[in-house]
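Hi,

Here is the structure I promised to pass on. Have a look at it first, and my notes follow underneath.

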Number of protein chains: 2
Amino acid sequence: MHSWVDGQPADAVPLKDRGLAYGDGLFETIAVKAGQPVLLDRHLQRLEVGCRRLAIVADHVLIRSELLTFAAALGDGVLKLILTRGDSLRGYGISAGAPARRILQGSAPATYPHAHGSSGIRLFPCATRLSEQPLLAGLKHLNRLEQVIARAEWQDADHAEGLMLDISGRVIEGVFSNLFLVDNDRLLTPDLSRCGVAGVMRAELLARAEALGIATSVIDISVEQLQQADEVFVCNSVYGIWPVLGCGAMSWSAGPLTRKLQGIVRALLDI
Amino acid sequence: MHSWVDGQPADAVPLKDRGLAYGDGLFETIAVKAGQPVLLDRHLQRLEVGCRRLAIVADHVLIRSELLTFAAALGDGVLKLILTRGDSLRGYGISAGAPARRILQGSAPATYPHAHGSSGIRLFPCATRLSEQPLLAGLKHLNRLEQVIARAEWQDADHAEGLMLDISGRVIEGVFSNLFLVDNDRLLTPDLSRCGVAGVMRAELLARAEALGIATSVIDISVEQLQQADEVFVCNSVYGIWPVLGCGAMSWSAGPLTRKLQGIVRALLDI
């Protein structure tokens, strides 16, 4: 699969890149269907929020146009954009106005088992907790060691995803997914103002649910609330929605609201 | 200045490198004097601790030998080693036994003003707090966005370093330094079991102080304790020790224990 750096075919970045040195940058993983990046506006919106919060200067019109050109050539697959703060001087200091580096990588469509969506999955209860950092919470930044060590906690194929709590024990998200609960016909998802990645599919589902007149709530969620939920599912912008059947000793069944939202996502992702 | 990747001259890494994708790796910044890496054993010891904690598989005998060869060619300067988990498959998952990537970069000696050591410095009181993550605390890993945003809080030359507290308000470290207090002839430095980087110079100073019969203590330190300290200094393995004269409304003067330890460090770093 091909890749670009700053609009040119390339497969490497300079050693001085701040993404490598400090994880100083952001990324987006975008599903591409028939040459079109799915939920592009939401991806770009989150990227812009990240750039503002981290004071990364980027040409967002150019990024959009490159993503569209790259996706058209990719056809069907997954497009990963990494935006770093460019090259480093010595140390953590930022040189004002240094241009961001745009890295695009294409890959084949995701190959998750179809049964994950149709039958549902089990979550591994990760011991790795998410630290609380309001200044970075919600962003899809390049500091992802917590996800790496959490994902290494299980190897068996019985668990398709892991459940992550924060340091204080709140339910937050999956390792590479956001989490939703259905509780008395209300759609709940954890507040991500202290930690977690505010996923593009999460935002889309919240908007779609509201448009359908479904009550939604973004709140702190305890393990007890999770346990008592009527339905639980995880989502991301590549695989869509997977109903969650269990996590450790907890169990749920795939319910009507999960199935309804899956129908919407299926149309979006063409899966 | 030259650079190596896996023992060969190179100035770029593949886009698939996990250091770039997730900050999935470790680094060491090593002073080199007359072709010798200073405090090499301590740097390698910390690197090995990091590899064990993150399950990064590396050939530490080879790393030592490459560092020695590279340093001999560098002469005087700063050697940066980045060790990443190598190339990524899709997602956070680790392929067992994948070889780490060794990146060496040489640069000229640090050019901090001499007065930082002789007269002392002021610390900028950073608003950015360190999040608490015991699984990563102490390691010099590549997830350094907190340091990047903290360092961006001040631009003026009146502050040579910044003071960072953790989310709970404990005094932890500088942005690129460790912090010591002298309190009634005891040498105190913050406990780094929740956050912070366990610096090589910090470890050396603790060992040297103990050898000199100076009482040392690694403990939680409050802002009040910092304020009441007799002496305060920051240190790292490149610049040595800088006495701290002030931080916000707090002030101290460079005292005898700071000066004594500076003498030891000066001999080490030849500054």
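How many bridges join strand 3 of chain A to strand 3 of chain B, and do they run parallel or antiparallel? The two strands run antiparallel, and 3 bridges join them. In that pairing Pro14(A) sits opposite Ala12(B). Before you read on, keep in mind that this is a predicted model.

Now for the rest of the interface. Chain A puts 59 residues into the contact, and chain B puts in 58. Together the two chains bury about 4,100 Å², and carbon and sulfur atoms give 66% of that area. On the chain A side, Leu15(A), Tyr92(A) and Leu145(A) supply 21% of what chain A buries against chain B, more than any other three residues.

What about charges and polar groups? The rule finds 0 salt bridges across the interface of chain A and chain B. There are, however, 16 residue pairs in polar contact between the two chains, counting pairs with both residues at pLDDT 80 or more. Several elements of chain A supply at least two residues each to the side that touches chain B, among them strand 1 (3-5), helix 1 (18-22), strand 4 (25-33) and strand 7 (101-107). Helix 5 of chain A gives the most, with 6 residues. Sorted by class, that side of chain A has 31 nonpolar, 15 polar and 13 charged residues.

Next, the sheet in chain A. It is an open sheet of 6 strands in the order 2-1-7-6-4-5, with antiparallel pairing. Strand 2 (8-9) and strand 5 (36-37) of chain A stand at the edges with a single partner strand each, so one side of each has no neighbour in the sheet. Further in, strand 1 and strand 7 of chain A pair in the antiparallel sense over 3 bridges. Trp4(A) is found opposite Leu104(A) of strand 7 there.

Over in chain B, I spent some time on strand 4 (residues 25-33). How many of its 9 residues are buried? The count is 7, so to speak of strand 4 of chain B as mostly covered is fair, as under 20% relative accessible area is the cut-off for buried. On one hand, strand 4 of chain B is joined to strand 6 (residues 77-84) of chain B by 8 bridges, and the two run antiparallel. Ala31(B) stands opposite Val78(B) in that pair. On the other hand, 2 bridges link strand 4 of chain B to strand 5 (residues 36-37) of chain B, also antiparallel. Here Lys33(B) has Gln36(B) as its bridge partner. The hairpin of strand 4 and strand 5 of chain B has 2 residues between the strands, and Ala34(B) takes a positive phi near 50 degrees in it.

One last spot to click on is Ala198(B), in the loop between strand 12 (186-190) and helix 6 (200-211) of chain B. Is Ala198(B) buried, exposed or partly exposed? Its relative accessible area is 27%, so Ala198(B) counts as partly exposed. Leaving out residues up to four places away in sequence, Ala198(B) touches Arg46(B), Gly138(B), Asn178(B) and Leu192(B). Glu153(B), by contrast, is 45 residues from Ala198(B) in sequence and 23 Å away in space, C-alpha to C-alpha.

Cheers

Technical notes: Residues numbered from 1 in each chain as written. Chains lettered and ligands numbered in written order. Predicted model: local features only at pLDDT ≥ 70, side-chain atom pairs only at ≥ 80, totals over all residues. Heavy atoms only, no water. Contact = heavy atoms within 4.5 Å. Buried area = accessible area lost by both parts, 1.4 Å probe. Salt bridge = Lys/Arg side-chain N within 4 Å of Asp/Glu carboxyl O. Polar contact = N/O pair within 3.5 Å; in protein donor to acceptor, adjacent residues only side chain to side chain. Helix = DSSP H or I, 4+ residues; strand = E, 2+ residues; numbered from the N terminus. Nonpolar A, V, L, I, M, F, W, Y, C, P; charged D, E, K, R; others polar. Pairing = 2+ DSSP bridges. Buried < 20%, exposed > 50% of the residue type's maximum accessible area, 1.4 Å probe, protein only.
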